[in-house]
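Biologist: I should like to study one part of this protein closely, namely the empty spaces inside it and the chain around them. Please take me through that part step by step.

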Amino acid sequence: METYKNFDVALYFTVRDTMEFAKNEKFREKWDFLTKHIKISHVYIETYRGDLWASDEELTEVKKFFNERKVKLSGGITTSKQTQEFWQLLCYSSDEDRKKLESAVRLTAKHFDRIIFDDFYFTDCRCKKCAEAKGNRTFREYRMDLKNDVSKNIIMKTAKEVNPSCHVIIKFPNWYPYHSFTGYNPKNERNIFDSIYTGTETRDHKMTQQNIPRYMSYSIMRYFENAAPGRNGGGWYDAFDCYTHLDYTEQGIFTVLSGAKEITLFCYSHIYDHFVPGMGYVFDRLDEDMAKLGKPYGINAYIPFDSYGEEYITDYFGHMGLPIEPSPEYDDSRIMILTESSAKDKDIVKKMEATLGNGGKVITTTGFWREASKMGAEPFRIKANVRKADNYAHEIDICGFKNYFPSSDSALYSDIFSPVNDGWNTVVGLDDSGVFPVLIKQKWGEGTLYLLNIPHSPADILKLPAEILNKIRSEFMADFPVMIKGESNVLLFLYDNNKAFLYSSVMHNTFVDVVYKNKGTTERIFIRPGECRILDL
């Protein structure tokens with residue numbers, strides 16, 4: 001069986017797929033089409049979803065087919081119930097549903113040595129029983145406690161009783177800022193389960209209800225690599241609401257670039273035929289590229305476990321051309337990003353001041369200061385009024401600025417209290433009242449503190465004039481071996497073997513200037529939509 005050299009590709013079968021595959025020869029023909037284009041070496045066979053159960057006979061038949069082809073086999077479970085609604089999940093306060101879950105685990109562990117839980121393993125239940133059981137806790141607190149209990153005392157206990165060799169995997173969803181509200185608790189669950197998996201779905205990132213920037217297909221993998229080093233099994237994405245080839249293939253490109261060991265495609269019956277040849281071509285190219293790239297790294301972004309606030313803002317930073325390395329642990333890096341989510345750490349101000357005192361660079365956001373100022377942090381305070389920028393300027397010249405730039409789109413910003421001469425307005429916006437801070441730079445101890453004013457619509461940060469983006473990049477990337485100049489949505493990925501990867505998400509041809517710090521040179525590159533380029537630093 002032919003495989004990729006630098007990652008594996010798996011395919012997920014829903015329980016309907018499993019049942020059809022067991023009895024329908026026509027349904028099996030698609031396997032030949034898929035494997036003609038994509039080197040699939042692993043399949044996940046689902047046993048339960050929505051009150052549908054695969055039988056022992058069906059599972060035996062499907063396993064026989066793949067064993068004959070030497071394809072690796074694992075089981076899958078989706079904890080949903082049959083409903084007329086969009087979905088209905090198991091209620092983990094219900095004895096009936098807990099028994100149903102136990103039965104699903106018993107069935108699956110009997111047939112497979114590995115089980116993955118689809119990311120419907122959460123709870124949104126507010127039934128009377130849940131409301132009474134939570135007591136004085138919030139639903140958020142109750143759900144995390146409840147799922148910890150279910151994970152330990154039903155899933156893991158049952159799986160190991162049935163099959164002591166069974167390896168159980170929890171897949172964390174793509175909507176990571178909201179995990180704790182529906183019971184996900186990665187801080188604990190990374191240790192309860194044998195390993196983890198990561199949802200990297202972004203689909204059409206503008207027209208669908210989750211509004212997740214495409215860069216997240218990369219950043220969430222890096223986040224969970226740092227959350228559970230060596231135990232993140234891979235990334236998983238689907239073809240739902242993918243209206244173009246790039247909607248689908250970019251998910252795969254960014255997942256692979258993150259260093260994923262395995263990529264799982266969901267699912268057998270929903271992969272659109274016209275996406276498959278293109279995805280196969282992309283995997284072939286990426287297999288060659290990944291052989292040349294080391295371990296990813298970038299600007300450390302601190303996103304504590306169970307935190308929320310300024311959701312996905314660091315992914316917008318990625319679309320600005322900044323390489324981001326998110327982590328749930330405070331790393332005390334030479335350069336790091338602190339957002340509103342970071343401020344959920346009650347000790348964040350002390351940690352920030354220590355980093356600055358030791359010569360680090362700390363990039364903060366307006367959301368961070370809304371929270372940090374409540375903790376007594378100085379010197380910034382976010383005012384209640386709003387400013388509208390139609391033009392921008394940078395480079396202070398006496399009391400004015402050297403460079404002024406019109407913007408094709410206006411954006412709304414928070415007004416910031418920043419004492420005059422206590423810091424420098426490195427980039428400003430202009431409205432009828434005058435200038436206001438967009439990027440403030442302040443010396444602090446041996447380090448440098450930045451405040452980046454995030455527009456009220458975060459995506460508006462990508463509409464900044466290229467000259468303003470270049471100024472921001474030059475400040476944040478000063479200690480890195482390379483930076484890019486040009487419009488937003490040209491993405492830069494850094495690797496520790498002195499390589500970088502350039503990718504264009506711009507929907508037209510564009511030029512980008514690559515500034516090589518070590519070489520002291522600049523290269524102008526013409527790049528098309530979806531084009532990739534490996535850079536030697």
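Biologist: How much space lies in the second largest cavity?

Modeller: The model is a predicted one. In it, the second largest cavity holds about 80 Å³ of space. Its lining is made up of 13 residues, and those closest to its centre are Ile303, Gly309, Glu310, Tyr312 and Ser341. Sorted by class, this lining has six nonpolar, five polar and two charged residues.

A general remark helps here. Rolling a probe the size of a water molecule over the atoms shows where empty space is left. Counted by the rule used for this model, there are three cavities of 30 Å³ or more.

The largest cavity contains about 90 Å³ of space. Its lining includes Tyr176, His179, Ser180 and Pro186, together with Tyr223 and Phe224. Ile303, Pro304, Phe305, Asp306 and Ser307 also belong to this lining. By class, seven of the lining residues are nonpolar, three are polar and one is charged. Ile303 thus deserves attention in both places: it is listed in the lining of the largest cavity, and it is also among the residues closest to the centre of the second largest cavity.

One residue of the largest cavity's lining merits a closer look, namely Asp306. Aspartate 306 is located in the loop between β11 and α11. Its phi is positive, at about 60 degrees, although the residue is not a glycine. For context, most residues other than glycine have a negative phi, and most peptide bonds are trans. The relative accessible area of aspartate 306 is 24%, so the residue counts as partly exposed.

The strand that comes before this loop can be examined through one of its residues. Asparagine 300 lies in strand β11, which covers residues 299-302. Asparagine 300 counts as buried because its relative accessibility is 5%, and the cut-off for buried is under 20%. When neighbours within four places in sequence are left aside, asparagine 300 is in contact with Glu325, Ser327, Asp331 and Ser333, and also with Ile335, Met336 and Ile337.

Helix α11, at the other end of the loop that holds aspartate 306, leads to an open space. Helix α11 (313-319) supplies at least two residues of the lining of the second largest pocket, as do α9 (245-257) and α14 (466-476). Of the contributions to this lining, that of α9 is the greatest, with three residues. The volume of the second largest pocket is about 780 Å³. There are 29 residues in its lining, and His205, Lys206, Leu462, Asn489 and Ser505 lie nearest its centre. By class, 13 of the lining residues are nonpolar, nine are polar and seven are charged.

Finally, aspartate 306 may be set beside another residue with a positive phi. Glutamate 395 has a phi of about 70 degrees, although it is not a glycine. Glutamate 395 belongs to strand β15, whereas aspartate 306 belongs to a loop. With a relative accessible area of 29%, glutamate 395 is partly exposed.

Methods. Residues are numbered from 1 along each chain as its sequence is written. This is a predicted model: local features need pLDDT of at least 70, side-chain atom pairs count only at pLDDT 80 or more; totals for chains, interfaces and linings use all residues. Side-chain values use heavy atoms; hydrogens and water are left out. On a 1 Å grid over the protein atoms alone, a cavity is a set of points where a 1.4 Å probe fits but cannot get out, and a pocket is an open set with protein on both sides within 12 Å along at least five of seven lines; lining residues have an atom within 4 Å of a point. Grid points are joined across faces, edges and corners, and a volume is the space filled by probe spheres set on the points. Ala, Val, Leu, Ile, Met, Phe, Trp, Tyr, Cys and Pro count as nonpolar, Asp, Glu, Lys and Arg as charged, and the others, Gly among them, as polar. Helices (H or I, at least four residues) and strands (E, at least two) are DSSP runs, numbered from the N terminus. Buried means under 20% relative accessible area, exposed over 50%, partly exposed in between (1.4 Å probe, protein chains only). Contact means heavy atoms within 4.5 Å.
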